[in-house]
Each structure stands twice: as C-alpha cells, then as structure tokens.
Amino acid sequence: MLFQDQLTYDTTGRRAVETRMQLIHGDVTVVKAKSSIAASILQLKGRELSPEQTELMFGSMIYSDWGGESNMIECTSVLVELEINQASCYLVFKPQS
C-alpha cells in the first residue's frame with residue numbers, strides 16, 4: 001500500500017526574490033512569469049495596471065501560483081521593474097494607495 005505525504009512547497013526561492021526586490025524598491029508585489037513575457041511587457045514599464053488588465057493581457061504567461069501561493073497583483077499597481085533570466089521574468093509592481 002502506498003501512502004502519499006502532504007504536498008509541501010519550498011518557498012525559499014520566492015522569499016529571496018521578494019526580499020531583494022523589497023530592499024531595492026520598497027513595498028512591492030513580485031509576480032513570476034515566463035521569460036517570453038518580456039517582449040510585450042517592456043513597453044508597459046512605468047504604467048499603472050489593474051489586476052483585470054494584467055490577467056487579460058498576460059494571464060497565459062504568468063504562472064498561476066508561485067511557491068504554492070497566489071501569483072498575481074491584487075490591486076491597481078505600477079509596473080516599476082522587470083528582472084529577466086533565461087527561464088523566468090519577475091515583474092515588480094508598486095501598489096497604488
């Protein structure tokens with residue numbers, strides 16, 4: 001008989017990226033996406049985006065979760081930075097108050 005342990009996630013990678021981006025940019029939300037998003041999102045750096053706009057334009061390129069947690073902005077935010085590597089693109093959003 002096979003027993004399956006509860007699935008657990010290692011979030012240290014996510015925490016490291018978020019901590020680094022928060023030290024650089026302050027109170028920000030980091031969203032992980034496929035690196036292919038860079039071709040179309042670079043032009044939106046500095047623009048204000050709602051969660052609905054972000055989902056509509058880039059939903060298929062943004063991972064549905066990251067480290068077992070939500071991976072989308074929750075309020076209207078400004079895209080302040082992008083960090084791109086071969087596999088992923090980290091979108092750095094500053095929430096608008």
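The dialogue below goes through a predicted model, from its overall layout to one helix, one strand and its cysteines.

Me: Where should I begin, and in what order do the elements of the chain run from the N terminus on?

Reply: Begin with the inventory, which here comes to three helices and six strands, and then follow their order, α-β-α-β-α-β-β-β-β. Next, consider how far apart in sequence the contacting residues lie: among contacts between residues at least 6 apart in sequence, 68% join residues at least 24 apart. As for cover, 37% of the 97 residues of the chain count as buried, while the chain exposes about 6,400 Å², with carbon and sulfur atoms supplying 50% of that area.

Me: How do I read helix α1, and which of its residues are buried?

Reply: With a helix, one can look at its span and then at the side it turns inward. Helix α1 takes in residues 12–25 and reaches 20 Å from its first C-alpha to its last, close to the 20 Å expected at 1.5 Å a residue. Its buried residues include R14, V17, E18 and M21; seen down the axis, the buried residues of α1 fall within an arc of 95 degrees, so they line one face of the helix. The face turned away from that buried side carries R15 and L23, which are exposed. Among the elements that cover the buried residues of α1 are β1, β3, β4, β5 and β6, and just after the helix G26 takes a positive phi of about 85 degrees.

Me: Strand β6 is among those covering elements; how many bridges join strand β5 to it?

Reply: For a strand, ask which neighbours it pairs with and in which direction they run. Seven bridges join β5 (residues 77–84) to β6, the two running antiparallel, with L82 standing opposite L91 in β6, and a hairpin of three residues connects β5 to β6. Strand β1 (residues 29–34) is also antiparallel to β6 and is joined to it by six bridges, T29 standing opposite F93. Strand β6 itself, residues 88–95, is mostly covered, since six of its eight residues are buried.

Me: Finally, how many disulfides does a search of the whole structure find, and is C89 buried or exposed?

Reply: The search finds zero disulfides, and the cover of each cysteine is then a separate matter. C89 has a relative accessible area of 0%, which makes it buried, because the cut-off for that term is under 20%. C75, at 33% relative accessibility, counts as partly exposed, because that value falls between the 20% and 50% cut-offs.

Conventions:
Residues are numbered from 1 along each chain as its sequence is written. This is a predicted model: local features need pLDDT of at least 70, side-chain atom pairs count only at pLDDT 80 or more; totals for chains, interfaces and linings use all residues. Side-chain values use heavy atoms; hydrogens and water are left out. Buried means under 20% relative accessible area, exposed over 50%, partly exposed in between (1.4 Å probe, protein chains only). Helices (H or I, at least four residues) and strands (E, at least two) are DSSP runs, numbered from the N terminus. Two strands pair if DSSP finds at least two bridges between them. A disulfide is a pair of cysteine sulfur atoms within 2.5 Å. The expected span of a helix is 1.5 Å times one less than its number of residues. The arc is that of the directions from the helix axis to the C-beta atoms. Contact means heavy atoms within 4.5 Å. Accessible areas come from the Shrake-Rupley method with a 1.4 Å probe; for residues, only the protein chains shown count as cover.
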